[in-house]
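Here is a short set of exercises to work through with the model open beside you. Try each task first, then follow the solution step by step.

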Protein chains: 2
Amino acid sequence: MMDRQLLVKRLLWRAEHVFGANQVITRTGGGYEVCMYAELAVRVRKLVTALRGLGVRPGDRVLTLAWNSQRHLEAYFAVPGMGAVLHTGNQRLSPVQLAYTINHAGDRVVLVEPDLVPLLESIAARLATVRHVVVLGPIPDGTGLSGVQAYEDLLAVADPVEELPEFGENTAAALCYTSGTTGDPKGVLYSHRSTVLHALMLCAAGSVEVAPAERFLLVTPMSHVNGWGMPYACALAGATLILPGTHPGPEDLLQIIHEQRPTTAVAAVTVGTMIRQAWEKAGRTHRLGSLRRLWLGGQAPSAAEISWWARTCGTRVVNGWGMTEVSPLGTFCSVAATPEELADTTVLERQARQGRPLPLVEVRIVDEAGSELAWDGQSAGELEVRAPWAAAGYFDQASGADSHRDGWLRTGDVSVIHPDGSMQIKDRTKDLIKSGGEWISSVELENALMGHPAVREAVVVAVADPKWVERPLAYVEAQAEVAADELISYLAERFPRFWLPDRVIFVQQIPKTSVGKFDKKRIRSELAAGALPEVMRGGMRHEDAVGGRG
Amino acid sequence: MMDRQLLVKRLLWRAEHVFGANQVITRTGGGYEVCMYAELAVRVRKLVTALRGLGVRPGDRVLTLAWNSQRHLEAYFAVPGMGAVLHTGNQRLSPVQLAYTINHAGDRVVLVEPDLVPLLESIAARLATVRHVVVLGPIPDGTGLSGVQAYEDLLAVADPVEELPEFGENTAAALCYTSGTTGDPKGVLYSHRSTVLHALMLCAAGSVEVAPAERFLLVTPMSHVNGWGMPYACALAGATLILPGTHPGPEDLLQIIHEQRPTTAVAAVTVGTMIRQAWEKAGRTHRLGSLRRLWLGGQAPSAAEISWWARTCGTRVVNGWGMTEVSPLGTFCSVAATPEELADTTVLERQARQGRPLPLVEVRIVDEAGSELAWDGQSAGELEVRAPWAAAGYFDQASGADSHRDGWLRTGDVSVIHPDGSMQIKDRTKDLIKSGGEWISSVELENALMGHPAVREAVVVAVADPKWVERPLAYVEAQAEVAADELISYLAERFPRFWLPDRVIFVQQIPKTSVGKFDKKRIRSELAAGALPEVMRGGMRHEDAVGGRG
């Protein structure tokens with residue numbers, strides 16, 4: 001067989017040649033910027049010339065500090081395409097963490113959005129390796145950064161390279177850092193091979209089924225695990241890609257859906273909630289009906305969420321499981337309750353599972369001794385994964401040996417696998433609550449609480465207990481009047497007595513991590529410090545979980 | 001990223017673990033043999049033990065002379081799974097050619113169906129390397145072959161191996177010989193990598209979309225280019241696989257569709273025609289409605305064929321383009337006319353195109369000087385292909401240097417590519433007719449003739465002409481009374497005057513190759529020898545094009 005290496009440029013070849021007239025649409029201040037894939041491919045080849053002019057060589061790292069936009073997408077193809085490594089910086093890390101990742105990666109060139117220049121300025125003094133800064137729009141007046149150039153100026157004078165180079169498929173293509181809330185972020189280095197295989201898998205039936213006739217609204221930040229691989233999969237499939245641009249809020253997303261009529265939107269669970277709240281608030285006038293599917297990730301969607309979308313606009317909520325170390329996708333669930341089944345909690349429960357292992361992904365669950373557990377829907381153990389797009393280790397990091405066991409990636413997620421092969425996350429290993437020698441799943445309690453009509457969001461953590469070692473405590477963000485007693489009674493119908501939280505604390509907003517997940521580490525550390533009021537005062541603006549820097 | 005090699009056993013892992021309860025169904029004499037994927041995987045591991053016991057070592061070639069059956073499928077996984085090479089012998093080659101391929105491959109063990117034992121006996125004296133013969137059923141009485149054993153006897157005493165071995169993904173997995181009707185057949189060696197990538201591609205949206213909820217009836221022989229990759233793709237996707245067993249005729253296929261209710265059937269165009277003729281003949285009582293799709297390959301389906309299936313049972317005819325050297329699939333067309341569009345020949349014409357290049361497949365068309373031609377739907381040139389599942393050369397064959405140009409596989413097919421990226425075969429380079437310095441496409445004339453209601457099948461070949469160099473001549477197999485003049489008038493409405501065949505010859509049945517294509521080489525050589533009556537008397541029984549040996 002031909003020795004055709006699996007390179008990112010093969011994805012672009014198909015977008016350019018086969019689906020050249022299909023579009024990439026980016027929300028701008030006043031409307032939308034539209035670019036056909038055929039045009040995009042030429043701009044990508046110009047960007048390669050421009051980056052070479054800035055001294056970027058194969059293997060060098062190029063940082064993006066960027067929103068989901070056409071120019072960011074161009075970097076997604078040009079940087080790996082020339083043999084360099086695309087480091088998608090997470091603007092929602094703390095400045096100290098962000099600077100750490102840039103220095104750790106050794107980034108030489110930064111592509112930065114105009115509105116994120118101040119962020120870059122704030123850490124400029126800490127950066128050891130950056131030589132050039134390219135602004136993806138007008139250069140802000142009076143910037144203190146040196147050697148700043150405008151992206152479009154560079155492209156205007158760049159001749160497109162004739163062809164992107166060939167090299168081995170195990171060459172590094174991209175670099176993302178895990179967004180741990182304590183300790184230094186760790187880098188995961190994706191290869192061309194892993195990126196291409198992951199993209200092809202996203203096109204498979206039973207997976208995301210990325211197809212040319214679809215219009216994908218990508219809300220998930222492209223700074224977060226390759227935008228869940230969607231920019232690459234959409235190019236491979238020739239699908240229309242709709243990008244929300246700079247700092248989108250829920251109202252902006254609503255407007256995009258209304259105007260651009262995506263068939264599928266991809267976002268975190270919390271963003272899905274924000275969109276529907278914004279829709280209600282805006283008088284239910286925006287058209288949502290184009291959305292056949294809503295892929296909600298980051299955590300399991302609640303039955304209430306699934307139900308709302310199905311009833312309101314016939315949208316099927318799908319979800320999966322993934323992590324930075326798995327590119328990210330490992331399992332996917334495309335089960336959908338029919339309208340008649342929406343009242344059936346067992347069907348909704350199946351739809352909220354994280355789904356079956358995807359093609360080429362192998363999973364197992366193991367107990368604490370490392371023995372494999374049965375796929376009986378009952379036995380819970382740590383989920384372990386093998387896949388051509390799963391990390392074998394971390395970038396330039398000696399430690400992390402406990403991240404793998406016998407060639408399997410340890411995910412830190414506790415799950416069961418049902419006899420039909422569908423996987424269901426029960427908890428993070430470190431979020432399990434051990435009470436009187438028995439395990440309590442914080443995730444199951446949270447999901448149950450969020451099924452109560454008065455609860456918007458809920459998080460359950462362990463607090464130390466002299467008698468039981470640990471006991472559950474619930475934080476609840478309510479959207480209607482409700483008493484703690486009522487919530488406990490509600491849970492008592494569903495769980496053993498010893499699972500019931502000892503305390504329910506109502507908060508204004510539950511703190512979240514930079515990628516929109518419940519920040520249990522922060523809650524626990526604040527609790528340990530007796531800082532409950534801090535938690536209660538804390539909170540994020542709406543924009544943060546959508547993609548803002550806060 | 002993890003160094004997970006793309007091995008055939010990964011496909012089986014998913015079938016066994018995730019879709020273990022899904023079925024492989026084989027037609028037998030009296031009914032069906034049903035096996036769950038979980039059982040199949042255990043039998044595969046037993047077969048590995050059995051083959052090791054017969055001395056099969058990694059790299060050795062194992063021949064199958066088998067129909068589409070569960071046991072054949074087990075060999076599909078066990079032989080490559082243990083690191084040996086599966087040579088799927090084509091029982092419809094001439095005995096001399098078959099013996100040539102077995103000796104050329106150096107096959108050590110033969111897995112043979114009971115009814116094909118006489119074929120093996122007839123060539124046994126010529127075979128130089130075969131050490132063991134395993135019969136996939138009862139051993140026929142009085143066989144003259146030595147060292148014959150029964151498959152089920154071997155499996156009954158074999159312990160399943162615990163795990164299939166790991167090795168490099170470029171290891172050879174399977175071997176098929178091209179079925180040239182003159183000259184020695186040439187072997188194409190597939191790797192594990194090419195097999196896995198091809199299977200994953202078959203699952204992609206816009207491709208065959210193999211999915212767990214589907215029931216695939218695989219009529220295409222598993223002895224023909226890996227059964228078009230479907231056995232592997234179905235395992236990867238967990239799809240139900242329905243196999244027609246020994247020597248199926250059109251009536252058998254009709255019965256299977258009626259009883260097993262496949263959602264998709266995969267067959268050659270000629271077989272599709274036979275099934276509908278058998279349906280009409282049998283009184284239109286068999287249920288065809290389960291068939292949402294009918295993938296017809298080998299040549300372009302006619303507008304009449306597409307229309308008949310859509311009108312009669314709502315079945316969408318899809319087609320693609322492939323060849324032994326491309327594993328086989330390179331392009332695929334899933335366009336479907338709506339019921340309202342069935343009267344619109346432009347829509348049917350689009351549906352009959354060979355479709356867009358599949359993910360990771362690159363195509364181009366070039367003129368005789370090797371210069372690339374435009375994708376304008378007008379410029380016709382030789383189709384060239386690059387793909388991770390396209391052959392770089394032939395197995396153990398020094399010649400064949402003209403099979404490639406600058407790293408591209410020369411397909412020998414003349415095609416155009418339309419601006420929407422869809423490819424349309426115009427002819428084989430060697431079937432083009434050169435008349436008075438202009439090209440005439442035999443395929444376009446054939447398709448037009450087959451659009452006439454009185455024509456069942458038609459083939460057009462060149463005959464030498466002292467004035468024009470070549471002139472077209474048509475062979476027509478009629479299904480109703482029609483005069484040659486009427487057919488010429490019919491063509492005159494559609495083509496330039498100089499395209500019109502000089503002669504129309506009515507034949508009882510058009511000769512076909514061992515894989516069911518029009519045998520133009522035979523027709524030409526008989527014509528050259530002045531052997532017209534031979535052609536007219538010639539013909540095949542129905543079973544032949546379905547899978548018979550004749």
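**Exercise 1. Find which residue of chain B comes closest to the rotation axis, and work out how the two chains are related.**

Step 1. Ala204(B) is the residue of chain B that comes closest to the rotation axis, with its C-alpha at 2.0 Å.

Step 2. A turn of 180 degrees with a shift of 0.0 Å along the axis lays chain B on chain A with an RMSD of 0.1 Å. The superposition is by least squares on the C-alpha atoms of residues with pLDDT of at least 70 in both copies.

Step 3. This is the relation of a two-fold axis. Both copies use the same surface, as 100% of the contact residues of chain B recur in chain A.

A note before you go on: this is a predicted model, in which local features need pLDDT of at least 70 and side-chain atom pairs count only at pLDDT 80 or more, while totals for chains, interfaces and linings use all residues. Residues are numbered from 1 along each chain as its sequence is written, and chains are lettered from A and ligands numbered from 1 in the order in which they are written.

**Exercise 2. Describe the side of chain B that touches chain A: how many residues are in contact, and of which classes?**

Step 1. Count the residues: 40 of chain B are in contact with 40 of chain A. Contact here asks that the C-beta atoms of two residues, placed from the backbone, lie within 7 Å.

Step 2. Locate them. Helix H1 (8-17), strand S9 (187-191), helix H7 (192-202), helix H8 (230-237) and strand S16 (356-357) of chain B each give at least two residues to this side. Helices (H or I, at least four residues) and strands (E, at least two) are DSSP runs, numbered from the N terminus.

Step 3. Sort them by class: 26 are nonpolar, 5 polar and 9 charged. Ala, Val, Leu, Ile, Met, Phe, Trp, Tyr, Cys and Pro count as nonpolar, Asp, Glu, Lys and Arg as charged, and the others, Gly among them, as polar.

**Exercise 3. Work out how H1(B) and H7(B) pack: at what angle do they cross, and which residues make the contact?**

Step 1. Their axes come within 8 Å and cross at roughly 40 degrees. Axes are lines fitted to C-alpha atoms, for helices over the stretch in contact, and angles run from 0 to 180 degrees between N-to-C directions.

Step 2. H1(B) and H7(B) are therefore oblique to each other. Angles under 35 degrees count as roughly parallel, over 145 as roughly antiparallel, 65 to 115 as roughly perpendicular and the rest as oblique.

Step 3. Val8(B), Arg10(B) and Leu11(B) of H1(B) meet His192(B), Thr195(B), Val196(B) and Ala199(B) of H7(B). That contact has 4 nonpolar, 2 polar and 1 charged residues.

**Exercise 4. Trace the open sheet of chain B and say which strands stand at its edges.**

Step 1. The order of the 7 strands is S7-S6-S5-S3-S4-S8-S9 (chain B), with mixed pairing. Two strands pair if DSSP finds at least two bridges between them.

Step 2. Strand S7 (148-150) and S9 of chain B are at the edges; each has a single partner strand, so one side of each lacks a neighbour in the sheet. From one strand to the next, the twist averages 25 degrees.

Step 3. Look inside the sheet. Strands S3 (residues 61-65) and S5 (residues 109-112) of chain B run parallel and are joined by 4 bridges. Thr64(B) stands opposite Leu111(B) in S5(B).

**Exercise 5. Compare Arg284(B) and Ser327(B): which is buried and which is exposed?**

Step 1. Start with the backbone. Neither is a glycine, yet Arg284(B) has a positive phi of about 60 degrees and Ser327(B) one of about 75 degrees. Most residues other than glycine have a negative phi, and most peptide bonds are trans.

Step 2. Place them. Arg284(B) is in the loop between H10 and strand S13 (293-297) of chain B, and Ser327(B) is in the loop between S14 and S15 of chain B.

Step 3. Count neighbours. Arg284(B) is exposed, with 9 C-beta neighbours inside 10 Å, whereas Ser327(B) is buried, with 30 other C-beta atoms within 10 Å. A residue is buried if 20 or more other C-beta atoms, placed from the backbone, lie within 10 Å of its own, exposed if 12 or fewer, and partly exposed in between.

Step 4. Check the next bond: the peptide bond joining Ser327(B) and Pro328(B) is cis, with omega about 10 degrees.
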